[in-house]
Amino acid sequence: MNHVNLEVHEGEIFGLLGPNGAGKTTIVRMLCGLLTPSDGTATVVGYDVSSQPEQVKKSIGYMSQRFCLYEDLTVSENLDFFARVYGLGKGYAKKRAAEVLEIVQLTEMQKRLAGTLSGGLKQRLALACALVHGPRLIVLDEPTAGVDPPLRRAFWIYFRRLNSQGVSILVNTHYMDEAAQCDRLGILRRGSLDAVGSPTELKQKAVRGDIVDLLCSNVQAAKQIIEALDCVSSVEKRDGWLRIVVGEAASAIPRIISRLEKAGVTVDHVRVSEVTLEDVFLSLAARGENS
């Protein structure tokens with residue numbers, strides 16, 4: 001980690017976005033009291049992660065990439081075990097188990113052995129175990145890694161439902177579509193926090209203008225011609241297309257097409273594209289490499 005300064009607000013879904021190896025899991029483990037920071041300080045739900053790690057662990061829900069389940073126990077017995085670890089009384093533990101099983105839609109499977117469940121069902125049970133004690137903050141470390149798209153969507157329905165009930169969520173992911181659902185994002189790269197903001201704010205900061213995608217007969221020649229235009233901020237090749245950042249698409253496109261046609265370059269297709277989080281990530285990476 002390289003002097004990461006981060007604040008997660010109460011009641012929000014905050015995402016850590018970055019490629020594998022960027023440091024997302026390391027940050028999460030420090031915030032959960034599982035790793036002691038070598039420098040700096042961190043406070044989670046009012047507790048210092050270095051001096052009060054046990055209080056931190058009891059106050060949050062943590063769902064890791066690996067299943068922390070007892071496969072020889074039933075779904076219900078796993079929940080009861082985790083509820084007791086967190087100090088819940090027998091009656092309240094039973095009530096909470098019923099509530100979280102309904103949230104993750106495992107009520108009808110509570111008598112099944114955890115070891116007989118599919119990977120997706122184990123993911124649901126792991127989430128239920130992280131929720132059973134009613135934490136104010138849920139920390140999710142790549143919670144949908146390795147699961148199919150329909151289950152990923154289902155998990156995000158669960159997360160939004162929890163958030164609407166006042167639960168704060170910190171999630172790390174490398175999926176762009178998941179990151180887009182967060183209230184705010186921190187983009188990590190090589191252990192450094194490159195940017196923080198809402199998905200909309202990050203898009204506005206990273207790409208100042210409109211994005212035009214152009215397909216033409218001579219990509220290399222077109223790139224050199226377009227780069228010379230004063231209405232163009234940048235041009236890059238992407239999957240056979242030219243991705244062009246301009247100040248304003250409506251006025252720039254006619255100028256670009258006219259200039260290319262005069263040079264004998266045939267324009268096959270032009271489209272205005274929405275700025276994506278992938279564009280944000282690539283823009284930040286390019287700035288880092290050029291700094």
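Cys129 is buried in this predicted model, with a relative accessible area of 5%. One of the residues that touch Asn78, leaving aside those up to four places away in sequence, is Cys129. The points below cover the cysteines, the surroundings of Asn78, and two pockets.

**Cysteines**

- Across the whole structure, a search finds zero disulfides.
- Cys231 takes part in no disulfide, and the nearest cysteine sulfur to that of Cys231 belongs to Cys216, 15 Å away.
- Cys231 has a relative accessible area of 18%, which is under the 20% limit, so Cys231 counts as buried.

**Asn78 and its contacts**

- Asn78 is a residue of helix α3, a helix that spans residues 75-85.
- The relative accessibility of Asn78 is 0%, and Asn78 therefore counts as buried.
- When residues up to four places away in sequence are not counted, Asn78 touches Leu69, Tyr70, Leu73, Ala114, Leu125 and Cys129.

**The largest pocket**

- The space in the largest pocket comes to about 900 Å³.
- Its lining is made up of 28 residues, and Leu6, Leu31, Thr41, Ala42 and Thr43 are the ones that lie nearest the centre of the pocket.
- Four elements each give at least two residues to the lining of the largest pocket: helix α1 (24-31) and the strands β2 (43-44), β5 (137-141) and β6 (168-173).
- Helix α1 provides the largest share of this lining, with three residues.
- Sorted by class, the lining of the largest pocket holds 14 nonpolar, ten polar and four charged residues.

**The second largest pocket**

- About 600 Å³ of space is found in the second largest pocket.
- This pocket has 23 lining residues, among which Leu34, Tyr62, Met63, Cys68 and Tyr86 lie nearest its centre.
- At least two lining residues of the second largest pocket come from each of α1, α2 (53-59), β4 (60-63), α3 (75-85) and α5 (119-131).
- The lining of the second largest pocket is composed of 14 nonpolar, three polar and six charged residues.

**Elements that link the topics**

- Helix α1 supplies at least two residues to the lining of the largest pocket, and α1 also supplies at least two to that of the second largest pocket.
- Helix α3, where Asn78 lies, is among the elements that supply at least two residues to the lining of the second largest pocket.

Notes:
Residues are numbered from 1 along each chain as its sequence is written. This is a predicted model: local features need pLDDT of at least 70, side-chain atom pairs count only at pLDDT 80 or more; totals for chains, interfaces and linings use all residues. Side-chain values use heavy atoms; hydrogens and water are left out. On a 1 Å grid over the protein atoms alone, a cavity is a set of points where a 1.4 Å probe fits but cannot get out, and a pocket is an open set with protein on both sides within 12 Å along at least five of seven lines; lining residues have an atom within 4 Å of a point. Grid points are joined across faces, edges and corners, and a volume is the space filled by probe spheres set on the points. Ala, Val, Leu, Ile, Met, Phe, Trp, Tyr, Cys and Pro count as nonpolar, Asp, Glu, Lys and Arg as charged, and the others, Gly among them, as polar. Buried means under 20% relative accessible area, exposed over 50%, partly exposed in between (1.4 Å probe, protein chains only). Contact means heavy atoms within 4.5 Å. A disulfide is a pair of cysteine sulfur atoms within 2.5 Å.
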